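Here are some notes for a colleague who is meeting this structure for the first time. They take up the strands and sheets, and then the ligand and its surroundings.

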Amino acid sequence: MKITFFSTKSYDQLYFERANNKQQHEFIFLEPALTENTVGLAAGSKAVCVFVNDKLTAKVIQSLAEQKVELIALRCAGFNNVDLKAAKEHNIPVVRVPAYSPHAIAEHAVALILTLNRKTHKAYNRVRESNFSLDRLIGFDLYGKTVGVVGTGKIGSTFAGIMRGFGCTILATDIQENKALLSQGVQYVPIQELLAKSDIISLHCPLTEQTRHLINEQTLKQTKPGLMLINTGRGALIDTKAVIKALKTGHLGYLGMDVYEQEENLFFKDLSETIIQDDVIARLMTFPNVLITAHQAFLTEEALSEITRITLENIDAFEKGNTLVNVVQL
Ligand code: NAD
C-alpha cells in the first residue's frame with residue numbers, strides 16, 4: 001500500500017524502513033506536518049500516517065477523502081488532534097497505537113522528577129566547569145512523600161508502581177478505578193483531596209473537554225505550597241499562563257513538562273538560530289525550577305519498535321479487510 005507519512009523525523013524513517021524490508025508497502029516520508037496547506041501532498045496514497053501535532057481538522061479530512069485516502073493511521077496513542085466526526089462522515093477509519101511502552105513515558109516522568117529535585121542538570125554543568133560547589137543544589141527525599149496520579153491507565157499505573165518503589169504514598173484520581181492498583185495500596189480520592197495532599201502531581205489522563213485546563217488558577221490555589229507538577233500527558237491539561245503566575249508567586253515549587261499547549265509551532269524542530277516568538281514558553285524557560293523536554297517521553301528503542309510494529313499491523317489489517325482492533329471509536 002502507498003502510505004504518506006507526515007511530520008517525519010529521521011527515526012521514523014529508520015524504524016519504518018527497517019520493518020518494510022520485504023518492500024510490501026511504498027512509503028513517502030514528508031517532513032511537514034499535515035495541515036490544510038499540506039494535505040495535497042497525500043495525493044495518490046491510500047493511507048496517511050500521522051503523529052501528535054498533525055492537524056486532522058474537518059477540512060483536512062474532507063480533502064483527504066476527495067483524494068481517495070482511505071485510512072488515517074496514527075503512530076501515537078492520543079487522538080485529540082483528529083476530528084473523529086468528520087472521519088466518520090467520510091467513512092475513513094482512524095487507527096492508533098493504544099499502547100507501545102507505558103514504561104517509556106512513566107520513566108520519563110520520573111526522570112523529570114529526579115532532575116528537578118536533585119538538580120543533576122545543574123550539577124553536570126557546574127562540574128564540567130570545575131565548579132564543585134554544592135550551593136543551591138539541595139533536594140528532598142522522595143521517600144515518604146505523597147504523589148498524586150491523575151489518570152491511572154497504562155502509563156499512570158506504571159508511574160504509580162515506580163513511585164511506590166521510592167517509598168511514596170500514592171493518591172490517585174480517575175473516572176474508572178484500576179483494581180490492580182487498589183490491591184497495591186494506591187488510594188483513590190476525589191481530585192480536590194489529591195490537589196490538597198500531594199507533594200508531587202503527575203498528569204496521565206487524555207486531553208478531553210473534561211480535562212482541558214484541569215490545572216488552572218483555581219485548582220492551583222488548592223495545592224500545597226511548593227508542589228512539583230509534572231505533565232507528560234498533553235499540553236492543554238495545564239493552563240500555562242496560570243502556571244506561570246503560580247511559579248512567579250513561588251506557590252508552585254517545580255514544573256516538569258514534556259508537552260506544551262502551543263507545542264506544534266516549536267517541538268520536534270531545531271530553532272536554535274531562530275527568534276522564538278512564543279512569549280509564554282520563553283517566560284517558562286527563564287525559571288530555574290522549570291524543566292522542559294520537547295515531547296520526548298515516548299522516545300525509547302522499545303517504544304519506537306512497538307509503534308512501528310503496531311502501526312504496520314493496523315495498516316495490514318485494513319489492507320486485508322480484517323477487523324481493525326485499534327480503530328478509534330467516536
Ligand atoms: P490510558 O487510556 O491507558 O489511560 C488514561 C486514563 O485516564 C484512563 O484510566 C482514563 O479512565 C483516565 N481518565 C480519562 N478521563 C479522566 C478524567 N477526567 N480524570 C481523570 N482520569 C481520567 O492512556 P495511557 O496510555 O496511559 O496514556 C495517557 C495519556 O498520555 C495519553 O492520552 C496521551 O495524551 C499521553 N501520552 C504522552 C506521550 C508522550 O510522549 N509525552 C506518549 C504517549 C501518551
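1. A definition is needed before the strands are read: two strands are taken to pair if DSSP finds at least two bridges between them. The model is a predicted one, and in it strand 9, residues 200-203, and strand 10, residues 227-231, pair in the parallel sense over four bridges. One of the positions to look up is I200, whose bridge partner in strand 10 is M228.

2. Strands 9 and 10 belong to an open sheet of seven strands, which has the order 8-7-6-9-10-11-12 and parallel pairing. Strand 8 (187-188) and strand 12 (290-292) each have a single partner strand and stand at the edges, so one side of each is left without a neighbour in the sheet.

3. Another open sheet is formed by five strands in the order 2-1-3-4-5, and here too the pairing is given as parallel. Its edges are held by strand 2 (26-29) and strand 5 (94-95), and because each has a single partner strand, one side of each is left without a neighbour in the sheet.

4. Within that five-strand sheet, strand 3 (residues 47-50) runs parallel to strand 4 (residues 71-74), and four bridges join the two. For a reader who wishes to find this pairing in the view, V48 has I72 as its bridge partner in strand 4.

5. Turning to the ligand, the space that it takes is the largest pocket. The ligand is surrounded by 22 residues, of which the closest are Y100, K154, I155, D174 and T232. Sorted by class, this shell has nine nonpolar, nine polar and four charged residues.

6. Which atoms of the ligand and of D174 lie 2.6 Å apart? They are an oxygen atom of the ligand and an N or O atom in the side chain of D174. The backbone also takes part: a polar backbone atom of T232 is 3.0 Å from a nitrogen atom of the ligand, and a backbone N or O atom of F298 lies 3.3 Å from an oxygen atom of the ligand. Of the 870 Å² of accessible area that the ligand has on its own, the protein covers 85%.

Note on methods:
Residues numbered from 1 in each chain as written. Predicted model: local features only at pLDDT ≥ 70, side-chain atom pairs only at ≥ 80, totals over all residues. Heavy atoms only, no water. Near = heavy atom within 4 Å. Polar contact = N/O pair within 3.5 Å; in protein donor to acceptor, adjacent residues only side chain to side chain. Areas by Shrake-Rupley, 256 points an atom, 1.4 Å probe, with all protein chains shown as cover. 1 Å grid on protein atoms, 1.4 Å probe; cavity = no way out; pocket = protein on both sides within 12 Å on 5 of 7 lines; lining within 4 Å. Sits in = over half its atoms within 2 Å of the grid points. Nonpolar A, V, L, I, M, F, W, Y, C, P; charged D, E, K, R; others polar.
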